[in-house]
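Here is a friendly tour for a colleague opening this entry. Please keep the sequence and the 3D view side by side while you read the points below.

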Amino acid sequence: MPQIPRDRWPESTPALLIEGYRFISNRCRRYRSDIFEARLLLRKTICMKGEEASRLFYDTERFQRKGAAPMRVKNTLFGWGGIQGLDGETHRSRKQMFMSLMTPKAIRRLVDLTAAQWSKAIGKWENMGRVVLFDEVNEILSRAVCTWAGVPLEESQVGLRTNDFVKLIESPAAVGPRHWRGIPARVRSEKWAAAIIQDVRSGRLDASEGSAVYVIAMHRDPDGKMLSRHTAAVELLNVLRPTVAVSRFITFAALALHEYPECRRKLLEDKDDYAELFVQEVRRFYPFFPAVAARVRHDFEWKGYRFPKGRRVILDLYGTDHDPLVWENPHEFRPERFGMWEGNAYNFIPQGGSDHFTNHRCPGEWVTKELMKTAVSMLNTSMEYEVPRQNLKISLSRMPAIPKSRFVVSGVKRIG
Ligand code: HEM
């Protein structure tokens, strides 16, 4: 039986920290294989990239999510007991809960609330010298998504809650203080969210029926039981936090408008749904969610390789979205590539692959794209601004990535 190529180090975590988003691709090139094994976080781990690997990874007969995410991810980004670690019927029912929030009408409402926040913010920015776009957009999205979800957010709390959402996103793959800051942020956020769930259940908070906070507070798992207050809090944060995370893609979109000014012109011409092509390419090109993890459900063989029960497997999202077998010149930013894209749910996977309803693919994908389009339209048609000299470098060792300066603009003027 052929052996899965082994990374040459006894423990590859230090290399992962140095190489970041390139860790898996670098080794796939070195071993001439889209699959290899390494010890990561002290556990044997099978690493894979590419379309075929992605089809395998999303086979729920062969893989499960229970026990797959590393502890450091559960202590910060995910929390414990949420949808990410569920399988089978319970996962499907919980997923239905999230998908029911994603109707076109509900997404429209979130877009409108977000556009109103952008408009207010532009007024504020006109009176500011320098504006750090990433920080500002985090706040815009926090305010909008809380209103949308039916979550009360007092003015005095906006900064604290927004910062905590950001810390949850920043901390899972970090070492040292950036990681540690995520742990109290998780505790604070869950305490806050659990109190809101309790208020909805007791009738103290009058939440409207289709709102996210109401749907989550009242959801019942297939066993007929309501979610525990803690689990409901984790799931409420699973809506709020990732919506705020869209600010990262928005910052990358602003960077792309700056670095590829011809895109700005094409967006203004607004032909052939160029905005759609543009946001797709931003999601493909820029590094955000590096990889996803699962565990082998029971022993099986694939291409002659043995996958033993319990083994952790990770799928490289960034590497798959830059796979030269699928993407011509993958390191070129070219929205037009999506014009005649014959893609599928396994080779373009910035937010996971397979099916939204029956698998773990991100339920927030449509929201993400619409919020990006809103932002691009605001940047292009509602304001003028300069981009002063700054360090726009994106380090691929830092996960999640962000331009060093977080994209500073100045001289903001409202137009249109
Ligand atoms: C900022 C942009 C976003 C990125 C890069 C992103 C990325 C991802 C990724 C990679 C996954 C895991 C897929 C897998 O396990 O196979 C995921 C799952 C998930 N995302 Fe997103 N996401 C984003 C926005 C959103 C939004 C706006 C929501 C709001 C509802 C959301 C809610 C979720 C939830 C609840 C899951 C778990 C789904 C499941 O396990 O079935 N995400 N996302």
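1. A disulfide is a pair of cysteine sulfur atoms within 2.5 Å. With that cut-off, the count here comes to 0 disulfides. Take C28, which is in no disulfide: its nearest cysteine sulfur, that of C47, is 7.9 Å away. Seen from the other side, the sulfur of C47 has its closest cysteine sulfur in C28, and 7.9 Å is too far for a bond. Both cysteines are nevertheless buried: C28 has a relative accessibility of 5%, and C47 has one of 0%. Please bear in mind, here and below, that this is a predicted model.

2. Next, the iron. Which residue supplies the only protein donor of the iron atom of the ligand? That residue is C362, through its SG atom, at 2.3 Å. To find C362 in the viewer, look in the loop between α15 (317–320) and α16 (365–382).

3. Around the ligand there are 28 residues, and the closest are Y58, R65, H91, H360 and C362. The side chain of R65 places an N or O atom 2.7 Å from an oxygen atom of the ligand. H91 likewise has a side-chain N or O atom 2.7 Å from a ligand oxygen. For Q351, the partner is a nitrogen atom of the ligand, which lies 3.5 Å from a polar side-chain atom of this residue. The elements giving two or more residues to the shell are α5, α12 and α16. Of the elements, α12 gives the most, with 7 residues.

4. H91 deserves a second look. This histidine lies in helix α5 and counts as buried, at 3% relative accessibility. Leaving aside neighbours within four places in sequence, H91 is in contact with I83, L86, T358, N359 and H360. One of these, H360, is also among the residues closest to the ligand.

5. The helix that carries H91 is α5, which runs over residues 88–99. Its 12 residues reach 16 Å from the first C-alpha to the last, close to the 16 Å expected at 1.5 Å a residue. Besides H91, the buried residues of α5 are S93, R94, K95, M97, F98 and M99. What covers the buried residues of α5 includes α11 (212–218), α12 (229–259) and α16.

6. From α12, pick out N238. What does this asparagine touch, if residues up to four places away in sequence are not counted? The list is F78, G82, I83, Q84 and F98. Two polar contacts join its side chain to others: one of 3.0 Å to the side chain of Q84, and one of 2.7 Å to that of E235. N238 is buried, with a relative accessible area of 9%. For a sense of scale, N238 and A256 are 18 residues apart along the chain, and their C-alpha atoms are separated by 28 Å.

7. Helix α4 (71–78) has V73, K74, T76, L77 and F78 as its buried residues. Among the elements that cover them are α8, α9, α10 and α12. Just after α4 comes G79, with a positive phi of about 80 degrees.

8. Helix α10 covers residues 182–202, 21 residues that reach 30 Å from first C-alpha to last, close to the 30 Å expected at 1.5 Å a residue. Its buried residues include G182, R186, E190, W192 and V200. The buried residues of α10 pack against α4, α7 (133–149), α8 (158–170), α9 (177–180), α11 and α12. α10 is followed by G203, whose phi is positive, near 85 degrees.

9. Last, I107 in helix α6 (residues 104–125). Is I107 buried or exposed? I107 counts as buried, at 10% relative accessibility. Not counting residues up to four places away in sequence, I107 touches M102, W366, V367 and E370. I107 and L86 are 21 residues apart in sequence and 25 Å apart in space, C-alpha to C-alpha.

How values were computed:
Residues numbered from 1 in each chain as written. Predicted model: local features only at pLDDT ≥ 70, side-chain atom pairs only at ≥ 80, totals over all residues. Heavy atoms only, no water. Donors = N, O, S within 2.8 Å, 3.2 Å for Na, K, Ca; no water. Helix = DSSP H or I, 4+ residues; strand = E, 2+ residues; numbered from the N terminus. Expected span 1.5 Å × (residues − 1). Buried < 20%, exposed > 50% of the residue type's maximum accessible area, 1.4 Å probe, protein only. Contact = heavy atoms within 4.5 Å. Near = heavy atom within 4 Å. Polar contact = N/O pair within 3.5 Å; in protein donor to acceptor, adjacent residues only side chain to side chain.
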